[in-house]
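Colleague: I should like to learn how the packing of a model is read. Please take me through this case.

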Amino acid sequence: MADDVVGSQVADLRAECEEQAQKNRFRRRFWRFTHAALGLPAAVLAGISGATGLSSADARIPAAVLALVSAGLSAAIAFLKPEVHQRAAHARRRAYLALEVEARFALTQAASSGEPVPLTVYRNLLERRRMIIAGQLDELVQRIAVGGAPADAEADE
């Protein structure tokens with residue numbers, strides 16, 4: 001009975017990873033849209049205000065208003081840093097997809113061997129999930145590239 005519990009927990013983790021990957025896909029799209037929605041008008045308004053200001057002395061006030069709006073949009077981009085959020089969402093999505101594949105593989109391996117999912121495999125998956133949540137994606141990638149699972153999980157397999 002306890003063996004089924006670990007397998008069901010791994011299945012729940014796999015489903016959660018799939019959901020989180022989808023959420024981060026939407027976050028990436030949102031921040032990409034935000035960057036374009038703020039950046040393009042800022043650039044266009046800056047150009048228009050410059051051309052308007054140079055065209056005639058009577059157009060100084062509209063040019064100043066356009067310049068202020070452009071500066072406000074530019075400040076919003078600098079403050080929100082949408083490109084940073086976009087990259088972070090993309091990295092988290094890729095990490096969740098990789099974790100989902102690992103969980104699926106653990107379930108498939110257990111089913112094909114007729115044995116339960118080892119508790120150490122589940123512990124390793126949870127540790128990787130914790131690293132994703134904590135934003136330790138660089139460390140996670142390095143850990144996977146160097147050797148995959150921690151030493152205690154390798155000893156049991």
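**Reading the packing**

Modeller: In the protein chain, 73% of the contacts (heavy atoms within 4.5 Å) with a separation of 6 or more link residues 24 or more positions apart. This is a predicted model, in which local features need pLDDT of at least 70, side-chain atom pairs count only at pLDDT 80 or more, and totals for chains, interfaces and linings use all residues. Residues are numbered from 1 along each chain as its sequence is written, and side-chain values use heavy atoms, with hydrogens and water left out.

Colleague: How many helices and strands does the protein chain have?

Modeller: Helices (H or I, at least four residues) and strands (E, at least two) are DSSP runs, numbered from the N terminus. Here there are 6 helices and 0 strands.

Colleague: Which residues have the most contacts inside the largest nonpolar core?

Modeller: A nonpolar core joins buried (under 20% relative accessible area, 1.4 Å probe, protein chains only) Ala, Val, Leu, Ile, Met, Phe, Trp, Tyr and Cys residues through side-chain atoms within 4.5 Å. The largest has 19 residues, and Val10, Val117, Leu125 and Ile132 have the most contacts inside it. Helices α1, α3 (82-113), α4 (119-133) and α5 (137-146) each supply at least two residues of this core, and α3 gives the most, with 6.

Colleague: Beyond its neighbours within four places in sequence, what is Ile132 in contact with?

Modeller: Its partners are Arg92, Ala95, Tyr96, Leu99, Leu137 and Leu140. A second, separate core of 5 residues includes Ala42, Leu45, Leu73 and Ile77.

Colleague: Is Leu40 buried or exposed?

Modeller: Leu40, in helix α1 (residues 2-55), is exposed (over 50%), with a relative accessible area of 60%.
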